[in-house]
Amino acid sequence: MIITRRAFTTMLSLTGLAAVAGFSPLRFISDAMAQSAGDVAKPVSLPDMALGPKDAAVTITEYASMTCPHCAAFNEQVFPKIKKEYIDTGKVRYIFREFPLDIKAAAGSMLSRCIAKDDGPKYFAVTDMLFRQQNDWVVKNTTETLTRIGKQAGLTQQQVEACLKDQALLDKIAADQKYASDVLKVDSTPTFFINGEKIKGEASFEEFAKKINPLLKS
């Protein structure tokens with residue numbers, strides 16, 4: 001589901017975010033993207049949040065939604081193994097890109113961006129926390145819980161509210177999501193690209209290793 005004008009305005013009234021997230025309606029983005037579908041590595045509107053060296057032999061790009069339980073399971077069970085085996089050893093550059101399936105996911109992604117600024121490791125740490133506390137902030141009071149998480153990370157109440165009202169940031173997330181959908185044909189989460197090759201769904205560490213290891217030898 002792309003966060004469109006209609007979906008956005010409808011979901012605001014259902015999530016409890018309306019009191020804090022005083023967004024104007026999301027401007028619908030209709031311009032066709034000119035980039036090739038193979039140009040996965042190039043960021044569109046927002047700078048990439050990444051771990052690992054830029055010159056690594058292998059680049060993995062993940063598209064995920066902060067409210068996706070399969071993404072949370074991958075984050076907990078598989079990603080730490082990839083990080084230990086490949087990212088921390090300098091073999092892989094890992095890029096995380098937002099693909100929000102609903103307004104709560106968009107709010108979570110916005111909070112991660114606001115807390116981390118341009119700090120990749122900090123962004124991954126906040127995203128990990130949001131995934132691990134997914135049941136709390138998705139199922140329960142979303143605004144209250146996101147505010148608490150933001151304060152734990154050093155933001156004030158006012159900074160959290162300003163973050164969730166940042167229309168420009170939301171538009172950029174929506175633009176990147178539209179590019180991923182229209183050009184890269186991402187239609188579910190999680191979706192991964194390993195040096196441009198698409199993998200859909202919650203793959204195991206062993207499946208990733210089978211794809212990564214031959215690329216390291218070539």
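Hi everyone, let's start with one residue, Glu98, which has its place in strand 3. Before going further, please keep in mind that this is a predicted model.

So, is Glu98 buried or exposed? Residues under 20% relative accessible area count as buried, and Glu98, with a value of 4%, is therefore buried. And what does the side chain of Glu98 meet in there? It makes a polar contact of 2.7 Å with the side chain of Arg113. The side chain of Tyr123 is joined to that of Glu98 as well, by a polar contact of 2.8 Å. If you leave aside residues up to four places away in sequence, the residues that Glu98 touches include Leu46, Tyr63, Ala64, Ser109 and Ile173.

Now let's step back to the whole chain. You can find ten helices and five strands in it. Of its 218 residues, 50% are buried. Take the contacts between residues at least 6 apart in sequence: 77% of them join residues at least 24 apart.

Next, the sheet that strand 3 belongs to. How are its five strands ordered? The order is 1-3-2-4-5, in an open sheet with mixed pairing. Strand 1, residues 49-51, and strand 5, residues 197-200, are at the edges. Each of these two has a single partner strand, so one of its sides has no neighbour in the sheet. On average, neighbouring strands here are turned by 20° against each other, ignoring direction.

A quick reminder for anyone new to sheets: strands pair through backbone hydrogen bonds, and the pairing can be parallel or antiparallel. Which sense do we see for strand 2, residues 58-64, and strand 3, residues 92-98? Those two pair in the parallel sense, over seven bridges. Within that pairing, Glu62 stands opposite Phe96 of strand 3. Helix 3, residues 79-87, packs on this sheet and touches strand 1, strand 2 and strand 3. The direction of helix 3 makes about 145° with that of strand 3.

Let's move to another helix, helix 10, which covers residues 205-217. How far should its 13 residues span? At 1.5 Å a residue we expect 18 Å, and the end C-alpha atoms are 18 Å apart, so the two agree. The buried residues of helix 10 are Phe205, Phe208, Ala209 and Ile212. Here a general point helps: an α-helix has 3.6 residues a turn, so residues three or four places apart point the same way. And what covers those buried residues of helix 10? The cover includes helix 2 (69-77), helix 3, strand 2, strand 3 and strand 4 (191-194).

Last stop, the cysteines. How many disulfides does a search of the whole structure find? It finds one, formed by Cys114 and Cys163, whose sulfur atoms are 2.2 Å apart. The torsion about that S-S bond is about 95°, so the disulfide is right-handed. This pair links distant parts of the chain, 49 residues apart: Cys114 sits in helix 4 (residues 103-116) and Cys163 in helix 8 (residues 157-164). Both Cys114 and Cys163 are buried.

Two further cysteines are worth a look while you have the model open. Cys68 has 5% relative accessibility and therefore counts as buried. Cys71 is buried too, with a relative accessible area of 0%.

That's my tour, thanks for listening!

Technical notes:
Residues are numbered from 1 along each chain as its sequence is written. This is a predicted model: local features need pLDDT of at least 70, side-chain atom pairs count only at pLDDT 80 or more; totals for chains, interfaces and linings use all residues. Side-chain values use heavy atoms; hydrogens and water are left out. Two strands pair if DSSP finds at least two bridges between them. Helices (H or I, at least four residues) and strands (E, at least two) are DSSP runs, numbered from the N terminus. Axes are lines fitted to C-alpha atoms, for helices over the stretch in contact, and angles run from 0 to 180 degrees between N-to-C directions. Contact means heavy atoms within 4.5 Å. The expected span of a helix is 1.5 Å times one less than its number of residues. Buried means under 20% relative accessible area, exposed over 50%, partly exposed in between (1.4 Å probe, protein chains only). A disulfide is a pair of cysteine sulfur atoms within 2.5 Å. A polar contact is a pair of N or O atoms within 3.5 Å; within protein, one must be able to donate a hydrogen and the other to accept it, and residues adjacent in sequence count only if both atoms are side-chain atoms.
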